[in-house]
Amino acid sequence: MSAQSLVVLMNGTMIGEVIRDRSGRSRFVYANAWRQQHNAIPLSLSMPLVRAEHPHAAIDAFMWGLLPDNEQTLTRWANRFHVSARNAFSLLSHIGEDCAGAVQFVPPERLDAVQVTAEEDIVWLSEADIGERLRALRNDPSATRRAGDHGQFSLAGAQPKTALLLRDGRWGVPAGRTPTTHILKPPSDAFDGHAENEHFCLTLARRLGLPAAYSEVRRFNGEAAIVVTRFDRIEHDGQLLRVHQEDFCQALAISPTRKYQNEGGPSPEAIVDALRTHSSAPARDVDTFIDALAFNWLIAGTDAHAKNYALLFGGGGRIRLAPLYDLGSALPYPSLRQDKLILAMKIGNTYRLRDIHRHHWEKLLRSAHVDVDAALTRITAMATALPDHASDLSRFMRSEGVGHPMLERLPSLLAMSAHDKLARLSRTDNSHDDA
């Protein structure tokens, strides 16, 4: 097998190439012209611009971070495109034209087509079309696009999802240089009401002062979905642009198969260190990250692993913690043993939700070199405010026509959780055993 390559674009500009050698290993090489630009940003913090070339470990972790965490989806894509399901390079050569962040991974022969922006590259969809696509996606998580669609995309995560463009009230499947603007996720059969759950938790986070993605629950020809506005897309001078982002597994060159801390993934301390080193507003972003950890503790957000925290790259070398996304509470689901729930990241010496007390937070905060009293004051204030905000939000959503039986239970469950956590925060002794 001869060497193969994928051109890596950032908003239509070539920033480098991924080259796969005869042995099947990849390396990433920055374009000299990109490295010399005064406003150039790296593909990843794990691949700084000071080095022109980066080895397999870094680029492979980054590419896998762009792909779904769903073996069924990867296998079906592999069968459809006649490639290996275990080869990120080969998969992205078919579905890498619209990814998280500003990057596109494009085979050289597709380069001219992808760099064009044309209205005819958008396939406009009716409400019935979208409903049909959502139904297909519920039954087959790999059905992110139809066979005849020119525009392909890839998004990480285990949930089935698709991405569409919203322009002037019309939904469409874009291709070429035009990016998608919204992520649509149908309900999960395993967790009934998850779309409403996620929308509630994202909105609740914003009401408590945390930056979080904007969402709504919509029905398309009878099919419900949470519709999330992409924060990695902006409009500038009438042009829709991609904004680069990467999650913390990508930033630290860690495979997404190790996204949970107990499987070797990033710890809160590692993320705090990365924010202190690279953020343009490190103190603010560290506080926000600590508050996000606390929010997930309060709501039993058990899936807040390192891939669910990300960095946004702006002009002039600015880097900031991205808004929160993929929030959800495990509390409404009786099938999840509440006494067995664990967080994705360790607080102090324990992951187990029921075992986390004030001294665990103190241990984490000291380890991360964060002001203990200031952080605990913020966490206590959040726990105190949460029940009223959850109750008000529930009434608001009902008035907006967002309804699901799960939403009848969630506010009271969140209130009980917050009251329990407040009691734990008020205890100053260290008599509890760490799990």
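1. Two strands are taken to pair if DSSP finds at least two bridges between them. By that rule strand E15 (residues 310-313) pairs with E16, since 3 bridges join them and they run antiparallel. Within this pairing, the bridge partner of Leu311 is Leu321 in E16. The model under discussion is predicted, and the remarks below should be read with that in mind.

2. The pair just described belongs to an open sheet of 3 strands, ordered E14-E15-E16, in which the pairing is antiparallel. Strand E14 (244-247) and strand E16 (319-321) are the edge strands, and each of them pairs on one side only. On average, neighbouring strands of this sheet are turned by 25° against each other, direction ignored.

3. As to the division of the chain, domain 1 covers 4-116, domain 2 covers 122-229 and domain 3 covers 245-426. The points that follow deal mainly with domain 1 and with its contact to domain 2.

4. An open sheet of 5 strands has the order E4-E3-E2-E1-E5, and its pairing is antiparallel. Strand E4 (53-54) and strand E5 (103-106) stand at the edges with a single partner strand each, so that one side of each is left without a neighbour in the sheet. As general background, the strands of a sheet pair through backbone hydrogen bonds, and they may do so in a parallel or an antiparallel manner.

5. Within that sheet, strand E1 (residues 4-10) and strand E2 (residues 13-20) are paired in the antiparallel sense over 7 bridges. Ser5 stands opposite Ile19 in E2, and Met10 stands opposite Thr13 in E2. The hairpin of E1 and E2 has 2 residues between the strands, and there Asn11 takes a positive phi near 50°.

6. E2 is also joined to E3, by 5 bridges, and these two strands run antiparallel. Arg20 stands opposite Ser26 in E3. The hairpin that E2 and E3 form has 5 residues between the strands, and Gly24 in the turn has a positive phi of about 90°.

7. A search of the whole structure finds 24 salt bridges. One of these links the side chains of Arg27 and Glu53, at 3.2 Å from N to O. Because Arg27 lies in strand E3 and Glu53 in strand E4, the pair ties together parts that are 26 residues apart in sequence.

8. Which helices pack on the sheet that contains E1 and E2, the strands that pair over 7 bridges? Helix H2 (residues 56-64) packs on the sheet and touches E2, strand E3 (26-30), E4 and E5, with a direction that makes about 95° with that of E3. Helix H4 (residues 88-95) also packs on the sheet, where it touches E1, E2, E3 and E5, and the direction of H4 makes about 55° with that of E1.

9. Turning to the interface, the centres of domain 1 and domain 2, taken over C-alpha atoms, are separated by 24 Å. In this interface 25 residues of domain 1 are in contact with 17 residues of domain 2. Between them the two domains bury about 1,700 Å², of which 41% is on carbon and sulfur atoms. On the side of domain 1, Asp69, Trp77 and Asp98 lose the most area to domain 2, and together they account for 26% of what that side buries.

10. How many salt bridges does the rule find across the interface of domain 1 and domain 2? The rule finds 1 salt bridge there. The side chains of Arg76 and Asp140 meet in a salt bridge, with 2.8 Å from N to O. The count of residue pairs in polar contact between domain 1 and domain 2 is 6, both residues being at pLDDT 80 or more. Helix H3 (71-81), H4 and helix H5 (111-114) are the elements that give two or more residues to the side of domain 1 that touches domain 2. Among these, H3 gives the most, with 5 residues.

11. A further hairpin deserves a brief remark. Strand E12 (residues 233-236) and strand E13 (residues 239-242) are paired in the antiparallel sense over 4 bridges. Arg233 stands opposite Arg242 in E13. The hairpin of E12 and E13 has 2 residues between the strands, and Asp237 takes a positive phi near 55° in it.

Technical notes
Residues numbered from 1 in each chain as written. Predicted model: local features only at pLDDT ≥ 70, side-chain atom pairs only at ≥ 80, totals over all residues. Heavy atoms only, no water. Contact = heavy atoms within 4.5 Å. Axes fitted to C-alpha atoms, helices over the stretch in contact; angles between N-to-C directions. Domains from an automatic or database assignment. Buried area = accessible area lost by both parts, 1.4 Å probe. Salt bridge = Lys/Arg side-chain N within 4 Å of Asp/Glu carboxyl O. Polar contact = N/O pair within 3.5 Å; in protein donor to acceptor, adjacent residues only side chain to side chain.
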